[in-house]
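Biologist: I should like to learn how to read the strands, helices and buried residues of a model. May we work through one case together?

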Amino acid sequence: MSTRTTGKIAVFGATGHQGGAVVDALLDKGAPVRALVRDPRSDRARALAARGIELAVIRTDDSGSLVGALTEVEAFSFMTPEANTLEEVEAEIRIGTALVDAAAAARVPHVVFNSVFGADQESGVPHHDSKRAIEQHLTESGLRVTMMRPTPFMEVMSPSLENGEIVLRLPLPEDVAVKMISLRDIGRVAAALLLGAAEAPGGAVELVGDELTGPQMAAAFGAHAGLPARYEAVPVSMLPSELDRAMFRQFAKMAEHPSDLSVVRAFEPAALDFAGWIRSTGWSAGLHPEN
Ligand SMILES: NC(=O)c1ccc[n+]([C@@H]2O[C@H](COP(=O)([O-])OP(=O)(O)OC[C@H]3O[C@@H](n4cnc5c(N)ncnc54)[C@H](OP(=O)(O)O)[C@@H]3O)[C@@H](O)[C@H]2O)c1
């Protein structure tokens, strides 16, 4: 494929967690970025523009706007929006499919999709199988693609301070090791792939920066804060969303297969483990870590 490119890297979701981390890592490398945004007047979009990022206004139901935004870019990074209901899962698949079709129409040389850990297999978790469907559409698109499969973000681990004690609660038994990755490292691995500094063997990379049980995570927060800490497993049934209940059951199954923590470090040698991530956020007891 010999498409002329501007050298720009297009990013969908740049005002969000993952896309924001991708933008940070690309700017750190001096790469020019075009952010696909639906509202260029939002505070977050303006903040991107203030950092020298080109904004391309898109609507995911307007293929012309998507193809225009992806024309002559060097590479394209996208994730799909959070889905909490089956209706939102349908919307997620629609958006992902529209982005893939637009990338194919614009003949983007390389597409990097922030999917989810485990999307190489059917899981029965609706908002994970949706990403599997988008991966399949990507594979069939004829595009050069790389799947990034992140585990839960370290940023979602949010303990509380109760009577001078740190308490971490998750709907997982205390012997289940949770696989996790920091947003910072999702961005750094994506940037390495998008800029051609690294290639994922087999076209996919599973992002696991650390793997700890609930009590081990609570202890890490406690050690950092110099406070006693405990973990409390809460029942999965406490979660309001059936999708999340299915997801946490899946997390428990995934723990049966320990991950090779060196995989992500082949892309980002300084990838954060959980203790390193706590230090890097400036977390202090009683405050939610910065995202
Ligand atoms: N949380 C975890 O631990 C975890 C782990 C692995 C995978 N995931 C997956 O990560 C995804 C969420 O990523 P995230 O946390 O980075 O998302 P996020 O912070 O909620 O950001 C969503 C981004 O998508 C944009 N967006 C949403 N709907 C749009 C639309 N219709 N048109 C144009 N832009 C739209 C938002 O733009 P606006 O600023 O305009 O709203 C924002 O930039 C989900 O698919 C989730 O399943 C999550």
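Modeller: The discussion below takes up the sheets, then the helix contacts, then two residues. Please bear in mind that this is a predicted model.

Biologist: Let us begin with the sheets. In what order do the strands of the open sheet lie, and how are they paired?

Modeller: As a general idea, strands of a sheet pair through backbone hydrogen bonds, in either a parallel or an antiparallel sense. Here, 7 strands form an open sheet with parallel pairing, and their order is S3-S2-S1-S4-S5-S6-S10.

Biologist: Which strands stand at the edges of the sheet?

Modeller: The edges are taken by strand S3 (54-57) and strand S10 (204-207); each has a single partner strand, so one side of each lacks a neighbour in the sheet. On average, neighbouring strands of this sheet are turned by 20° against each other, direction ignored.

Biologist: How many bridges join S5 and S6?

Modeller: Strand S5 (residues 111-114) and strand S6 (residues 145-150) pair in the parallel sense over 4 bridges. One residue pair shows how to follow the register: Val 112 has Thr 146 in S6 as its bridge partner. When you trace such strands by eye, recall that in a regular strand the side chains alternate between the two faces of the sheet.

Biologist: Which helix lies across S5 and S6?

Modeller: That is helix H1 (residues 17-28), which lies across S5 and S6 as well as strand S1 (9-12), strand S2 (33-37) and strand S4 (75-78). Helix H1 runs at about 160° to S1.

Biologist: What is the sense of pairing between S7 and S8, parallel or antiparallel?

Modeller: Strand S7 (residues 160-162) and strand S8 (residues 165-170) pair in the antiparallel sense, over 3 bridges. Within this pair, Leu 161 stands opposite Ile 166 in S8. The two strands S7 and S8 form a hairpin with 2 residues between them, and Asn 163 in the turn has a positive phi of about 50°.

Biologist: Which further strand is joined to S8?

Modeller: Strand S12 (residues 229-233) is joined to S8 by 5 bridges, and the two run parallel. Here Leu 170 stands opposite Ala 233 in S12.

Biologist: I turn now to the helices. How should one read the packing of H4 against H5?

Modeller: One considers the distance between the axes, the angle and the residues in contact. The axes of helix H4 (residues 86-105) and helix H5 (residues 126-140) come within 9 Å and cross at roughly 20°. Angles under 35 degrees count as roughly parallel, and H4 is therefore roughly parallel to H5. Their crossing is right-handed. The residues that meet include Ile 93, Gly 96 and Val 100 in H4 and Ser 130, Ile 134 and Leu 138 in H5. By class, this contact of H4 with H5 has 7 nonpolar, 5 polar and 3 charged residues.

Biologist: At what angle do H1 and H6 cross?

Modeller: The axes of H1 and H6 cross at roughly 55° and come within 7 Å; H1 and H6 are therefore oblique to each other. This crossing of H1 and H6 is right-handed. Among the residues that meet are Ala 21, Val 22 and Ala 25 in H1 and Ile 186, Gly 187 and Ala 190 in H6. The contact of H1 with H6 divides into 9 nonpolar, 3 polar and 1 charged residues.

Biologist: Which residues make the contact between H7 and H10?

Modeller: Helix H7 (residues 214-225) and helix H10 (residues 274-281) pack at an angle of about 40°, with their axes 10 Å apart. The contact is made by Met 217, Ala 220, Phe 221 and His 224 of H7 together with Phe 274, Trp 277, Ile 278 and Arg 279 of H10. These residues of the contact of H7 with H10 comprise 6 nonpolar, 1 polar and 1 charged.

Biologist: Is Trp 277 buried or exposed?

Modeller: The test is the relative accessible area, and buried means under 20%. Trp 277 has a value of 1% and is therefore buried. The C-alpha atoms of Trp 277 and Met 154 are separated by 7.5 Å, although these residues are 123 residues apart along the chain.

Biologist: Where is Ser 182 found, and what does it contact?

Modeller: Ser 182 is found in the loop between strand S9 (177-180) and helix H6 (183-194). At 0% relative accessibility, Ser 182 counts as buried. Leaving aside neighbours within four places in sequence, Ser 182 is in contact with Met 154, Glu 155, Leu 272 and Trp 277.

Terms used:
Residues numbered from 1 in each chain as written. Predicted model: local features only at pLDDT ≥ 70, side-chain atom pairs only at ≥ 80, totals over all residues. Heavy atoms only, no water. Axes fitted to C-alpha atoms, helices over the stretch in contact; angles between N-to-C directions. Contact = heavy atoms within 4.5 Å. Nonpolar A, V, L, I, M, F, W, Y, C, P; charged D, E, K, R; others polar. Pairing = 2+ DSSP bridges. Buried < 20%, exposed > 50% of the residue type's maximum accessible area, 1.4 Å probe, protein only. Parallel < 35°, antiparallel > 145°, perpendicular 65-115°, else oblique. Left-handed = near helix turned anticlockwise from the far one by under 90°.
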